[in-house]
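Q: Please take a close look at a single part of this model, then say how that part sits in the whole. Cut-offs should be stated wherever a term depends on them.

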Amino acid sequence: MNRAGGMGRHEPLMQRLAASGSELVIVIGPKDDRTDTGHWTGAILSVTGKVKGLPTVEQAIRDGLFAPGTGRYLATFDPKKVSKERATEARARTEHAIRAMRARQNGERIPPYISPSLRPSESEVASKRAESFAKNTRLKFERVYNAAQKAIEAGDAQTALVKCKAALALLREDSIYGEHQLQLEDALTKEIERLQDAE
């Protein structure tokens, strides 16, 4: 299906854009991301294709930019004259439009748009990763430490020694017990020494 309804009827628009000398335009219109072509609203387009990494006006038209009833139009866009937040949002909308256009071409589901203001910051992501790593390390440590305790209770000094060394290595990967960390390390080190002396 040709969503553009043929490029011929858009020729006057293309000529006006070329004559204006503006290279960048932004798609203005209702932000309804649920519609079939809603991904174009807020995206930045290159008029001639000279700006690498941006979709062209022609590509957007062929993908349904001006589908009936959308109420969209184009306005010149100067990234130097907009706020940092608006420029970030426009970049994100453009990246989403490119992904959506490619998904449609490949017959795939169009991914949902997530505003940069709703995305976690890099520091938040790093913090979550660290928190998850610490949690996983703590769980691993507790499993290995419990196995060491069971081996000690069963009188299996060799297994206990291996498990205590593994527990100490996990404990030293990260500060997972805060102010009690050093006490645990010290206790495990002494237990390892005791088990080694008993061999």
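A: What follows takes the sheet as the part in question, after a short account of the model and before a look at a second region.

The model is predicted: local features need pLDDT of at least 70, side-chain atom pairs count only at pLDDT 80 or more, and totals for chains, interfaces and linings use all residues. Residues are numbered from 1 along each chain as its sequence is written, and side-chain values use heavy atoms, with hydrogens and water left out. The mean pLDDT (the predictor's confidence in each residue, from 0 to 100) is 81, and 82% of the residues reach 70 or more. Residues 1-5 fall below 50, and in the model this stretch has 10 contacts beyond near neighbours in sequence; a contact means heavy atoms within 4.5 Å.

The secondary structure comes to 6 helices and 3 strands, read as DSSP runs numbered from the N terminus (helices are H or I, at least four residues; strands are E, at least two). Along the sequence the pattern is α-β-β-α-β-α-α-α-α. Mean confidence is highest in strand 2, at 94, and lowest in helix 4 (residues 122-153), at 75.

The 3 strands form an open sheet in the order 2-1-3, with antiparallel pairing; two strands pair if DSSP finds at least two bridges between them. Strand 2 (44-46) and strand 3 (73-76) are the edges, each pairing on one side only. From one strand to the next the twist averages 40°, where axes are lines fitted to C-alpha atoms (for helices over the stretch in contact) and angles run from 0 to 180 degrees between N-to-C directions. Strand 1 (residues 24-28) is joined to strand 2 by 3 bridges, and Val 25 stands opposite Leu 45 in strand 2.

Leu 45 also belongs to the largest nonpolar core, which has 17 residues; Trp 40, Leu 45, Val 57, Leu 65 and Leu 74 touch the most other members. Such a core is a set of buried Ala, Val, Leu, Ile, Met, Phe, Trp, Tyr and Cys residues joined through side-chain atoms within 4.5 Å. Helix 1 (11-20), strand 1, helix 2 (57-62) and helix 3 (84-105) each supply at least two residues of this core. Leaving aside neighbours within four places in sequence, the contacts of Trp 40 include Val 27, Leu 45, Pro 55, Leu 65, Ala 97 and Met 101.

Thr 56 lies in the loop between strand 2 and helix 2. Its relative accessible area is 17%, so Thr 56 is buried; buried means under 20%, exposed over 50%, and partly exposed in between (1.4 Å probe, protein chains only). Beyond four places in sequence, Thr 56 touches Leu 45, Ser 46 and Gly 49.

A second, separate core of 16 residues includes Ala 151, Ala 160, Leu 161 and Ala 167. In helix 5, Ala 160, Leu 161 and Ala 167 are among the buried residues, as are Cys 164 and Leu 168. The 15 residues of helix 5 (157-171) should span 21 Å, and the end C-alpha atoms are 20 Å apart, which agrees; the expected span is 1.5 Å times one less than the number of residues. Thr 159 is in helix 5 and, at 32% relative accessibility, counts as partly exposed.
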